[in-house]
Amino acid sequence: MNYIGSKRRLSTFLFETISDTVGSLKDKTFCDLFAGTGIVGRTFKSKVAEVISNDLEYYSYVLNRNYIQNHQPIKYEEIIEKLNKIPGKKGFIYQHYCLESGSGRNYFSGENAARIDAIRQEIEHFKSDENLYYFLLASLLESLDKVSNTASVYGSFLKHLKPTAQAPLQLEPALFEYNDNSHKVYNEDSNELIKKISGDILYLDPPYNGRQYGANYHLLNTIATYNTNFVPKGKTGTKADYNRSMYCKTKRVYNSFNDLIKNADFRYIFLSYNNEGMVPQHELQKLLKRYGKYSLVTTSYKRFKADSNRPHKAKRTEEHLHILEKY
Ligand SMILES: C[S@@+](CC[C@H](N)C(=O)[O-])C[C@H]1O[C@@H](n2cnc3c(N)ncnc32)[C@H](O)[C@@H]1O
């Protein structure tokens, strides 16, 4: 999934820097506290004793619950085949998020919106088998993202259906890595969860600007929860009470960082933060240095697609990995 702040193309850099700093990983607990797509946790899944993964957003929980917590084979082939054959249903997604229904919103073709409704309703019948349920939900999220009529995020849609959005939705399995260790996935606020967990390596990748993920990916949450008891708001059809992260609020972000680092019961903390982030680098460094031995590693990085199209924005940006060994 093309995701704001995704570390997909930085995962090798992160893995190498983290393992060089920490040494042997095989008996370590690795926590990805702002997990998003789960790509960082996935990189460490078979290399450490346990991955703890967390995100505030439910769609991210679904992805991580599948990619990280699922670790033994699932029989899915026949189910995916059947789901790919069921006819569309004109449900909530069709009614509110495609033009054909007269909603005025053009997130999906009419046919795909109705198929999303049909498949999502059918998946609910598998709820008693949690591993399978989250596997199917993750498969739906990943597959529908490929046919969505957006420029990467769901904060808006394109006027005309782009070619990939005209293609029929094909449910593809969200394959995960098998291994013998078990892993834990949470759907909580980072600053609450940090008081309840402990481990060796804490990886932090919070938002670095004011763009709330709950608004930018609202439709993924609506499809994942299928909680349709609300009236979609305005042109974009957002749910009014989406999550507001303190890491996206100028007045709250500094104290949130401070509380998080203070309460972290982990020996090593690695923090990815962009050089254009809300908290200036020197302030962040000063804060971190209060809690232990500090160093910084920097790499140049190609900007997120939707952002690089904005005028006055350089195509490349610097990505900083702050390293703290806590006293
Ligand atoms: C930069 S993205 C992480 C990207 C991720 N590392 C990846 O490669 O896909 C930041 C994530 O932090 C999550 N988030 C924001 N505030 C949070 C909070 N207070 N607690 C937990 N997660 C939060 C967002 O939902 C988003 O998925």
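A residue counts as buried when its relative accessible area is under 20%. By that cut-off F135, at 0%, is buried, and F135 is a convenient place to begin this tour of a predicted model.

**First stop: F135 and F176**

Select F135 together with F176. The two ring centres are 6.2 Å apart and the planes stand at 80 degrees, so this pair is classed as edge-to-face. F135 belongs to helix α7 (residues 130–146), whereas F176 comes from the loop between α8 (163–166) and β3 (184–186); the pair thus links distant parts of the chain, 41 residues apart. Colouring by accessibility shows F176 as buried too, because its relative accessible area is 11%.

While helix α7 is displayed, move to E130, which is also placed in this helix. E130 has a relative accessible area of 46% and is therefore partly exposed. Add N70 to the selection: the C-alpha atoms of E130 and N70 are separated by 9.5 Å, with their positions 60 residues apart along the chain.

**Second stop: F15, F44 and K47**

The model contains 22 aromatic pairs under the ring-pairing rule. One of them is formed by F15 and F44, a tilted pair with 5.0 Å from centre to centre and 50 degrees between the planes. Here again distant parts of the chain are linked: F15 lies in helix α1 (residues 11–22) and F44 in helix α2 (residues 39–44), 29 residues apart. F44 has a relative accessible area of 0% and is therefore buried.

Now show the side chain of K47. Its charged end sits over the ring of F15, 5.5 Å from the ring centre. F15 thus takes part in the tilted pair with F44 and also has the charge of K47 over its ring.

For another charge over a ring, select R244 and Y242. R244 lies over the face of Y242, at 3.7 Å from the ring centre.

**Third stop: the tyrosine cluster and the cavity**

Select Y3, Y59, Y154, Y213 and Y217, which together form one aromatic cluster. Keep Y213 in view, since the next selection includes it.

How many cavities of 30 Å³ or more does the structure hold? There is one. The largest cavity encloses about 30 Å³ of space. Its lining consists of I4, P207, Y208, N209 and Y213. By class, four of these lining residues are nonpolar and one is polar, with no charged residue. Y213 therefore appears both in the aromatic cluster and in the cavity lining, as the cut-off for a lining residue is an atom within 4 Å of a cavity point.

**Fourth stop: the largest pocket**

Turn next to the largest pocket, which has a volume of about 490 Å³. To centre the view, select F34, D55, D205, P206 and P207, the residues nearest the pocket centre among the 37 that line it. P207 is also one of the residues lining the largest cavity.

Which elements give two or more residues to the lining of the largest pocket? They are α2, α9 (190–193), α10 (213–216) and α12 (253–263). Of the elements, α12 gives the most, with three residues. Colouring the lining by class gives 15 nonpolar, 13 polar and nine charged residues.

**Fifth stop: S53 in strand β2**

Display strand β2 (residues 50–54) and select S53 within it. S53 has a relative accessibility of 0% and therefore counts as buried. Add N64: the side chains of S53 and N64 are joined by a polar contact of 3.0 Å.

**Last stop: two positive phi angles**

Most residues other than glycine have a negative phi. Two positions to inspect against that background are S152 and Y226, each with a positive phi.

Select S152 in the loop between α7 and α8. Its phi is about 80 degrees, a positive value although the residue is not a glycine. S152 counts as buried because its relative accessibility is 8%.

Then go to Y226, in the loop between α11 (218–225) and α12. Phi of Y226 is near 50 degrees, again positive in a residue other than glycine. Is Y226 buried or exposed? With a relative accessible area of 19%, Y226 is buried, since the cut-off is under 20%.

Terms used. Residues are numbered from 1 along each chain as its sequence is written. This is a predicted model: local features need pLDDT of at least 70, side-chain atom pairs count only at pLDDT 80 or more; totals for chains, interfaces and linings use all residues. Side-chain values use heavy atoms; hydrogens and water are left out. Rings of Phe, Tyr and Trp (its six-membered ring) pair if their centres lie within 6.5 Å; planes under 30 degrees apart count as stacked, over 60 as edge-to-face and the rest as tilted. Helices (H or I, at least four residues) and strands (E, at least two) are DSSP runs, numbered from the N terminus. Buried means under 20% relative accessible area, exposed over 50%, partly exposed in between (1.4 Å probe, protein chains only). A charge sits over a ring if NZ of Lys or CZ of Arg is within 6 Å of the ring centre and within 35 degrees of the ring normal. On a 1 Å grid over the protein atoms alone, a cavity is a set of points where a 1.4 Å probe fits but cannot get out, and a pocket is an open set with protein on both sides within 12 Å along at least five of seven lines; lining residues have an atom within 4 Å of a point. Grid points are joined across faces, edges and corners, and a volume is the space filled by probe spheres set on the points. Ala, Val, Leu, Ile, Met, Phe, Trp, Tyr, Cys and Pro count as nonpolar, Asp, Glu, Lys and Arg as charged, and the others, Gly among them, as polar. A polar contact is a pair of N or O atoms within 3.5 Å; within protein, one must be able to donate a hydrogen and the other to accept it, and residues adjacent in sequence count only if both atoms are side-chain atoms.
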